[in-house]
Amino acid sequence: YRSASDSNIAGRSAAIFPGGKRGGSSWTVISDVEDERSTSDEEARKRVLKVIESMGTGTDAFKSFKQLIDDSAIIIENKLHVRDYEKPWESSYDGLIYVGDAAHP
């Protein structure tokens with residue numbers, strides 16, 4: 001799930017990973033850096049949902065990610081140094097990564 005390359009949210013992406021034999025999934029979302037940082041799982045949940053919503057709400061990918069986020073007991077938010085491989089080496093910038101696991105409720 002990736003933002004349109006010609007949009008102002010081009011650096012945002014999300015991925016779902018199979019969660020094992022009994023179903024469920026782990027997931028990750030990469031986004032632009034934001035002011036401050038979350039101080040709780042609930043705040044991280046709100047912040048990552050805002051990122052997913054900004055990528056478009058009318059798709060099956062959005063519905064899948066929203067369900068995975070809702071099913072995740074813990075959401076981790078951390079800073080991430082991001083590099084755009086289509087630009088020169090020094091084009092890296094600060095971003096955020098969110099990680100969750102809906103495989104082990």
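Let's start on the outside, where Ile74, Ile76 and Val99 form a nonpolar patch on the surface, together offering about 260 Å² of accessible area. One member of this patch, isoleucine 76, is found in strand S3, which covers residues 75-82. Please keep in mind as we walk on that this is a predicted model.

Now take a step back and look at the whole chain. The protein chain has two helices and four strands, and from the N terminus on, its elements run β-β-α-α-β-β. Of the 105 residues in the chain, 32% are buried. The accessible surface of the protein chain comes to about 6,800 Å², with carbon and sulfur atoms holding 51% of that area. Contacts across the sequence are worth a look too: among those with a separation of 6 or more, 54% join residues that are 24 or more positions apart.

From here we can go inside. The largest nonpolar core has 16 residues, and those with the most contacts inside it are Trp27, Val29, Val48, Ile52, Ile69, Ile75 and Tyr98. At least two residues of this core come from each of strand S2 (25-32), helix H1 (41-54), helix H2 (60-71) and strand S4 (93-101). Helix H1 supplies the largest share of the core, with five residues.

Valine 29 is a good place to pause in this core. Setting aside residues up to four places away in sequence, valine 29 touches Ser13, Ala14, Val48, Val51, Ile52, Phe65, Leu96, Ile97 and Tyr98. Two of these partners, Val48 and Ile52, are also listed with Val29 among the core residues that have the most contacts. Tyr98 is touched by valine 29 as well, and it too belongs to that well-connected group.

Let's turn to the charged side chains. A search of the whole structure finds three salt bridges, and we can visit them in turn.

In one of them, the side chains of arginine 45 and glutamate 42 meet at 3.7 Å, N to O. Why are these two placed to meet? They are three residues apart in helix H1, so about one helical turn separates arginine 45 from glutamate 42. The two partners have unlike surroundings: arginine 45 is buried, with a relative accessible area of 11%, whereas glutamate 42 is partly exposed, at 45%.

Another salt bridge joins arginine 47 to glutamate 77, with the closest N and O atoms 2.9 Å apart. Because arginine 47 lies in helix H1 and glutamate 77 in strand S3, this pair ties together parts that are 30 residues apart in sequence. Are the two partners buried or exposed? Arginine 47 is buried, with a relative accessible area of 11%, and glutamate 77 counts as buried at 6% relative accessibility. The side chains of arginine 47 and glutamate 77 also make a polar contact, at 2.9 Å.

Which other residues surround arginine 47? Leaving aside neighbours within four places in sequence, arginine 47 is in contact with Glu34, Asp35, Glu36, Arg37, Ser38, Glu77, Leu96 and Tyr98. Two names in that list, Leu96 and Tyr98, are also touched by valine 29.

Serine 38, another contact of arginine 47, deserves a visit of its own. This serine is found in the loop between S2 and H1, and at 14% relative accessibility serine 38 counts as buried. Apart from residues up to four places away in sequence, serine 38 touches Glu43, Ala44, Arg47 and Glu77. Serine 38 therefore touches both arginine 47 and glutamate 77, the two partners of the salt bridge between helix H1 and strand S3.

Our remaining salt bridge takes us to helix H2, where the side chains of lysine 66 and aspartate 70 meet at 3.1 Å, N to O. Both residues lie in that helix, four residues apart, about one turn of the helix. Lysine 66 is partly exposed, with a relative accessible area of 30%, and aspartate 70 also counts as partly exposed, at 39%.

Lysine 66 offers one more view to end on. Where does glutamate 53 sit with respect to lysine 66? The two are 13 residues apart in sequence and 8.9 Å apart in space, C-alpha to C-alpha.

Conventions:
Residues are numbered from 1 along each chain as its sequence is written. This is a predicted model: local features need pLDDT of at least 70, side-chain atom pairs count only at pLDDT 80 or more; totals for chains, interfaces and linings use all residues. Side-chain values use heavy atoms; hydrogens and water are left out. Patches are made of residues with over 30% relative accessible area and no salt bridge: like charges are joined within 9 Å, nonpolar side chains (Val, Leu, Ile, Met, Phe, Trp, Tyr) within 5 Å. Accessible areas come from the Shrake-Rupley method with a 1.4 Å probe; for residues, only the protein chains shown count as cover. A salt bridge is a side-chain nitrogen of Lys or Arg within 4 Å of a carboxyl oxygen of Asp or Glu. A nonpolar core is a set of buried Ala, Val, Leu, Ile, Met, Phe, Trp, Tyr and Cys residues joined through side-chain atoms within 4.5 Å. Buried means under 20% relative accessible area, exposed over 50%, partly exposed in between (1.4 Å probe, protein chains only). Contact means heavy atoms within 4.5 Å. A polar contact is a pair of N or O atoms within 3.5 Å; within protein, one must be able to donate a hydrogen and the other to accept it, and residues adjacent in sequence count only if both atoms are side-chain atoms.
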